[in-house]
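Please open the structure in your viewer and keep a selection tool at hand. The tour below proceeds by selections, each followed by a description of what is found there.

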Amino acid sequence: SVAALEARVRAGHALRNVVQSVPDKISARRNNMVLQLLEQIRSYIEAVRFSGAAVQLPQPPVQDPVMAMAALMKLSFDDVNRQCMSTLGGLCAVAELLYIDHRIHGNDDPTNYSVTLRRYAGMALTNLTFGDSSNKTQL
């Protein structure tokens with residue numbers, strides 16, 4: 001619905017403002033990089049979810065989230081990046097990406113696209129829930 005998209009856009013702006021207000025330059029750079037990757041994934045999710053609806057998306061959607069997911073997966077191996085991803089909603093974004101991909105392609109995708117995307121997402125989810133019972137519960 002339009003209200004859901006507007007809420008997502010407002011939440012994204014608020015999150016960006018919080019990330020930009022971090023005084024530590026190293027943390028701000030890392031947080032900004034993670035946030036940009038999560039925004040790419042969220043824009044793809046929104047494009048798929050609201051396709052066919054008479055809704056104007058706030059930005060052009062990412063056509064291929066595999067590269068963003070691969071980068072997030074690599075970042076998820078580091079403890080500091082895992083904490084940043086969890087704080088910025090990475091767990092929900094990755095889980096939602098898996099859900100959307102399964103809705104689109106199901107189990108019968110003749111290309112390796114879904115397999116690759118799901119592999120990266122599964123590895124990221126495994127890393128994000130490693131040793132973090134609250135993330136395991138949330139997932």
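The stops that follow begin with the whole chain and continue through helix contacts to individual residues.

**The whole chain**

Begin with the entire chain, bearing in mind that the model is predicted. A cartoon representation displays seven helices and zero strands, so the sequence reads as α-α-α-α-α-α-α, each symbol standing for a helix as DSSP assigns it. Colour by relative accessibility next: of the 139 residues, 36% count as buried. A contact map restricted to pairs at least 6 apart in sequence shows that 67% of the contacts join residues at least 24 apart.

**Helix H2 against H3**

Select H2, residues 25-49, together with H3, residues 66-75. Their axes come within 9 Å and cross at roughly 140°. That angle makes H2 oblique to H3, and the crossing is left-handed. To display the contact, show the side chains of Met-33, Val-34, Leu-37, Leu-38, Gln-40 and Ile-41 on H2, and those of Ala-68, Met-69, Ala-71, Leu-72 and Leu-75 on H3. By class, this contact comprises ten nonpolar residues, one polar residue and no charged residues.

**Helix H2 against H4**

Keep H2 selected and replace H3 with H4, residues 79-87. Here the two helices pack at an angle of about 55°, with axes 10 Å apart. H2 is therefore oblique to H4. The handedness of this crossing is right-handed. On the H2 side, select Arg-30, Asn-31, Val-34 and Leu-38; on the H4 side, select Val-80, Asn-81, Cys-84 and Met-85. These residues divide into five nonpolar, two polar and one charged.

Leu-38 deserves a label at this point, since this residue of H2 appears in the contact with H3, in the contact with H4 and in the contact with H5.

**Helix H2 against H5**

Now select H5, residues 90-105, alongside H2. The packing angle is about 35°, and the axes lie 10 Å apart. The crossing of H2 and H5 is left-handed. The H2 residues to show are Leu-38, Ile-41, Arg-42, Tyr-44, Ile-45, Val-48 and Arg-49, which meet Gly-90, Ala-93, Glu-96, Leu-97, Ile-100 and Ile-104 of H5. Nine nonpolar, one polar and three charged residues make up this contact.

**Asn-31 and its surroundings**

Return to H2 and centre the view on Asn-31. Is this residue buried or exposed? Its relative accessibility is 14%, so Asn-31 counts as buried, the limit being under 20%. Leaving aside neighbours within four places in sequence, select the residues that Asn-31 contacts: Val-19, Val-22, Cys-84 and Leu-88.

**The cysteines**

From Asn-31, move to its contact partner Cys-84. At 8% relative accessibility, Cys-84 counts as buried. Then select Cys-92, which counts as partly exposed because its relative accessibility is 41%. How many disulfides does a search of the whole structure find? The search returns zero disulfides.

**Two buried residues of helix H6**

Select H6, residues 113-129, and label Asn-127 within it. Asn-127 counts as buried, with a relative accessibility of 12%. Beyond its neighbours within four places in sequence, Asn-127 is in contact with Met-73, Ser-76, Phe-77 and Arg-82.

Stay on H6 and select Leu-125. This leucine is buried, with a relative accessible area of 10%. Which residues does Leu-125 touch, not counting those up to four places away in sequence? They are Leu-91, Val-94, Ala-95, Leu-98 and Leu-139. For a distance check, pick the C-alpha atoms of Leu-125 and Leu-91: these residues are 34 apart along the chain, and the separation is 6.7 Å.

**Val-9 in helix H1**

For the last stop, select H1, residues 2-20, and find Val-9 in it. Val-9 counts as partly exposed, since its relative accessibility is 23%. Draw a distance from its C-alpha atom to that of Ser-43: the value is 9.9 Å for two residues that are 34 apart along the chain.

Definitions and conventions:
Residues are numbered from 1 along each chain as its sequence is written. This is a predicted model: local features need pLDDT of at least 70, side-chain atom pairs count only at pLDDT 80 or more; totals for chains, interfaces and linings use all residues. Side-chain values use heavy atoms; hydrogens and water are left out. A disulfide is a pair of cysteine sulfur atoms within 2.5 Å. Buried means under 20% relative accessible area, exposed over 50%, partly exposed in between (1.4 Å probe, protein chains only). Helices (H or I, at least four residues) and strands (E, at least two) are DSSP runs, numbered from the N terminus. Contact means heavy atoms within 4.5 Å. Axes are lines fitted to C-alpha atoms, for helices over the stretch in contact, and angles run from 0 to 180 degrees between N-to-C directions. A crossing is left-handed if the near helix is turned anticlockwise from the far one by less than a right angle, and right-handed if clockwise. Ala, Val, Leu, Ile, Met, Phe, Trp, Tyr, Cys and Pro count as nonpolar, Asp, Glu, Lys and Arg as charged, and the others, Gly among them, as polar. Angles under 35 degrees count as roughly parallel, over 145 as roughly antiparallel, 65 to 115 as roughly perpendicular and the rest as oblique.
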